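Trainee: Please show me the model, and then take me through how one reads its features with some care.

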Amino acid sequence: MLKAQQSVLKAAAKTVLDQKLNILRAVSQQDYVHVHTPHFNASVGGHIRHSLDHFSILLSRDFAAASPLDVVDYDIRDRNTDIETNKDSAIAKTCALLTTLDDMFASPSAAQLMATPLTVRFVGDAASGETYSAPTSLAREMSFVAHHGIHHLATVKLMMQRMNYELGDGVGKAFATIQHEQEQQAATKKNTTESAADPLGAVTGADGECGGCGM
């Protein structure tokens, strides 16, 4: 994995953890554990804990001794832990994960670490409990836990807004979505500028068709 790509991957994971940390520092303990029924069946703490569990399961292993036989299983995790019910514990855990992330990417062997072959396992049938496995790598799983965290942040954002907290527009929004919105805004600004320069809006389509509007 190229160093530039490592930087992008680290930045993605760090952004998600930083967003969680900002939320944790802003939310009150009472609001952290409040369950927003009937609209949601969990608390902010529940979603934060669930997402941090995924980061922790991935990052709390000895990659120096890893092999393709090492299994990453996100379904084996503790629920209703102190991280879910105590925001200070969640803050401490998030800070610890950020430190681990920094140390991992600061390592001289970061490229080799990102390419570490692993096996990921998921429960594929709730009734039987049967699982399935697939080959993967540390870089691929780092990407997964970051994207997974974004979607939970989107739900947390809705909960926080219901409690009158204000969060940044980029919180809980996929990076590709932000990029698309920025491109759309730039295109709109460009079109507005061009329309101002051509107030008559000359038609360029053949046979009087409206160019570009599909009519």
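Mentor: Let us begin with the elements: helices (H or I, at least four residues) and strands (E, at least two) are DSSP runs, numbered from the N terminus. This is a predicted model, in which local features need pLDDT of at least 70 and side-chain atom pairs count only at pLDDT 80 or more, whereas totals for chains, interfaces and linings use all residues. Residues are numbered from 1 along each chain as its sequence is written, and side-chain values use heavy atoms, with hydrogens and water left out.

Trainee: How many helices and strands does the secondary structure of the protein come to?

Mentor: The protein has 8 helices and 3 strands, and, followed from the N terminus, these elements run α-α-α-β-α-α-α-β-β-α-α.

Trainee: In what order do the strands lie in the sheet?

Mentor: Pairing comes before order, and two strands pair if DSSP finds at least two bridges between them. Here the 3 strands form an open sheet in the order β1-β2-β3, and the pairing is mixed. The edges belong to β1 (71-73) and β3 (131-137), each of which has a single partner strand, so one side of each is left without a neighbour in the sheet. From one strand to the next the twist averages 30 degrees, where axes are lines fitted to C-alpha atoms, for helices over the stretch in contact, and angles run from 0 to 180 degrees between N-to-C directions.

Trainee: Which bridges join the strands, and do they run parallel or antiparallel?

Mentor: β1 and β2 (residues 117-123) run parallel and are joined by 3 bridges, whereas β2 and β3 run antiparallel and are joined by 7 bridges. For the parallel pair, you can locate Val72 opposite Val120 in β2, and then Asp73, whose bridge partner in β2 is Arg121. For the antiparallel pair, look for Val123, which stands opposite Thr131 in β3.

Trainee: Which helix packs on the sheet?

Mentor: For packing we need contact, which means heavy atoms within 4.5 Å. Helix α7 (residues 138-162) packs on the sheet, where α7 touches β2 and β3, and the direction of α7 makes about 110 degrees with that of β3. Across the protein, among contacts between residues at least 6 apart in sequence, 68% join residues at least 24 apart.

Trainee: What share of the residues of the protein counts as buried?

Mentor: Buried means under 20% relative accessible area, exposed over 50%, and partly exposed in between (1.4 Å probe, protein chains only). By that rule, 37% of the 215 residues of the protein count as buried. One residue to inspect is His54, which is placed in helix α3 and is buried because its relative accessible area is 5%. If neighbours within four places in sequence are left aside, His54 is in contact with Tyr74, Arg77, Phe144, Val145 and His148.

Trainee: Is Pro135, in strand β3, buried or exposed?

Mentor: Pro135 belongs to strand β3 and is exposed, because its relative accessible area is 77%. Its C-alpha atom is 4.6 Å from that of Thr119, although the two residues are 16 apart in sequence.

Trainee: Where does Asn86 lie, and what is it in contact with?

Mentor: Asn86 lies in the loop between α4 and α5 (87-106), and with a relative accessible area of 26% it counts as partly exposed. With neighbours within four places in sequence left aside, Asn86 is in contact with Gln29 and Tyr32. As for distances between C-alpha atoms, those of Asn86 and Gly45 are separated by 7.8 Å, while the two residues are 41 apart along the chain.

Trainee: Which peptide bond is cis, with omega near 0 degrees?

Mentor: That description fits the peptide bond from Thr37 to Pro38, and Pro38 itself is located in the loop between α2 (29-33) and α3.

Trainee: Which residue other than glycine has a positive phi near 70 degrees?

Mentor: Asn164 has phi near 70 degrees, which is a positive value in a residue other than glycine. Asn164 is found in the loop between α7 and α8 (175-197), and it counts as exposed because its relative accessible area is 71%.
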